[in-house]
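Here is a short tour of one protein chain, written to be read with the model open beside it. Let us start with a question and then walk through the fold.

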Amino acid sequence: MVNGWIILDKPEGLTSTKAGSIVKRLFKQKKLGHAGTLDPFASGVLPLALGEATKVMPYVVSDIKEYEFEITFGEERDSGDLEGAVTSTTAQKPTEAQLRAIIPNFIGAITQVPPIYSALWINGQRAYELARRGGTVEMKARQVLIQDLELLSCSDQTAVWRVVCGRGTYVRSLGQDLARAVSSLGYLSKLRRTRVGKFSLQDAVNIDILKNNALSLMERDWLLPIRVVLDDIPAIPVSAQQAVHLRHGRSIECPGHEGMVLILSEGQELALCKADGQQLHPTRVFNL
């Protein structure tokens, strides 16, 4: 079984699940997870955890993300993007000066309402499932973090932005709110994720390259080790006997450490442990 990370540059028109299935098949993999999904119309960075790397996914999911997106003005759509149905129109188009003037209002902790076509749970059902059946979908406003927002370019009809945001931010809602803030209407016509935590487009590989090199996948640098997402966690080597105890879920003596630590055995990832100053207690053991 393959264990590690593939940072995929997901193409437009493909669901995250489908993209993951392709990689899973190419690597003949049984276990695979993706750290943060992308809408089918979106492209960009999609970290895929293979095998035992799925055990460290929480260390990626909560990280800051970066996107580049395009707003097309003049229409509002029920999904907030180009795949939705038009719900309202306007002839009002903003100027560059108007767009730049509202940027400070959208940096920091802001409140937004998630789109009805989202994967959030409402009374035991996904919001998008209710919306597709024509049911009443009432989304509650919530607070999200916008770390940085930059206007990259604009024309009479569109504006291209870059945003750095925290977990749970819906860029489709952000685009809609930006358009409304300048007395216009808009929807996302393009969306590209350029970073998830420490992973950027520079680390990413597209599906066609993986397909064309299917016979030599393991010889390439595309498969990153499990520990690549654990750089900020102290790494502690242990003896062979200590490794045996940890593999069986038993705590070991190791004074002087506190908090979460990564345990290495012969240079390879063995476990994540909670250190209490005296002992190491295994919380995740890697079956490598």
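Are aspartate 81 and arginine 172 buried or exposed? Aspartate 81 is buried, and arginine 172 is buried as well; here buried stands for under 20% relative accessible area, exposed for over 50%, and partly exposed for what lies in between, with a 1.4 Å probe and protein chains only.

## About the model

This is a predicted model, in which local features need pLDDT of at least 70, side-chain atom pairs count only at pLDDT 80 or more, and totals for chains, interfaces and linings use all residues. Residues are numbered from 1 along each chain as its sequence is written, and side-chain values use heavy atoms, with hydrogens and water left out.

## The chain as a whole

The protein chain has seven helices and 18 strands; these are DSSP runs numbered from the N terminus, with at least four residues for a helix (H or I) and at least two for a strand (E). Of its 288 residues, 48% count as buried. The accessible surface comes to about 14200 Å², and 47% of that belongs to carbon and sulfur atoms; the areas come from the Shrake-Rupley method with a 1.4 Å probe, and for residues only the protein chains shown count as cover.

Contacts (heavy atoms within 4.5 Å) often reach across the sequence: among those between residues at least 6 apart, 68% join residues at least 24 apart.

## Helix H1 and its buried side

Helix H1 spans residues 16-26, and its buried residues are Ser16, Ala19, Gly20, Ile22, Val23 and Leu26. They sit on the same side of H1, because they cover an arc of only 155 degrees around the axis, taken from the directions from the helix axis to the C-beta atoms. As a reminder, an α-helix has 3.6 residues a turn, so residues three or four places apart point the same way.

The face turned away from the buried side carries the exposed residues Thr17 and Arg25. Cover for the buried residues of H1 includes strands E1 (4-10), E2 (32-34) and E3 (43-50), along with helix H6 (207-212). After H1 comes lysine 28, with a positive phi near 50 degrees.

## Strand E12 and its partners

Strand E12 is mostly covered, with eight of its eleven residues buried. Strands count as paired if DSSP finds at least two bridges between them. E12 runs parallel to E3, joined by two bridges, and here serine 43 stands opposite arginine 192. With strand E4 (residues 65-73), E12 pairs in the antiparallel sense over nine bridges; phenylalanine 73 faces glycine 186 there as its opposite residue. E12 also pairs antiparallel with strand E13 (residues 199-200) over two bridges, where valine 196 is opposite phenylalanine 199. Two residues lie between the strands of this hairpin, and glycine 197 takes a positive phi near 60 degrees.

What surrounds glycine 186 in E12? Beyond its neighbours within four places in sequence, glycine 186 is in contact with Ile71, Thr72, Phe73, Glu75, Glu76, Gln176 and Ala179. Glycine 186 counts as buried, at 1% relative accessibility. Its C-alpha is 5.8 Å from that of glycine 74, although 112 residues separate the two in sequence.

## An open sheet

Five strands make up an open sheet of mixed pairing, in the order E14-E16-E17-E18-E15. Strands E14 (235-237) and E15 (252-253) are at the edges with a single partner strand each, so one side of each has no neighbour in the sheet. Within the sheet, E17 (residues 268-276) and E18 (residues 279-285) run antiparallel, joined by five bridges, and cysteine 273 has proline 282 as its bridge partner in E18.

## Salt bridges

A salt bridge here is a side-chain nitrogen of Lys or Arg within 4 Å of a carboxyl oxygen of Asp or Glu, and the count comes to 13. Arginine 172 forms one with aspartate 39, the closest N and O atoms being 3.2 Å apart. This pair links helix H5 to the loop between E2 and E3, 133 residues apart. Aspartate 39 is partly exposed, at 26% relative accessibility. Arginine 172 also forms a salt bridge with aspartate 81, at 3.8 Å between the closest N and O atoms.

Elsewhere, glutamate 150 and arginine 162 meet at 3.0 Å, N to O. Glu66, Asp148, Glu150 and Arg162 are linked in a network of salt bridges.
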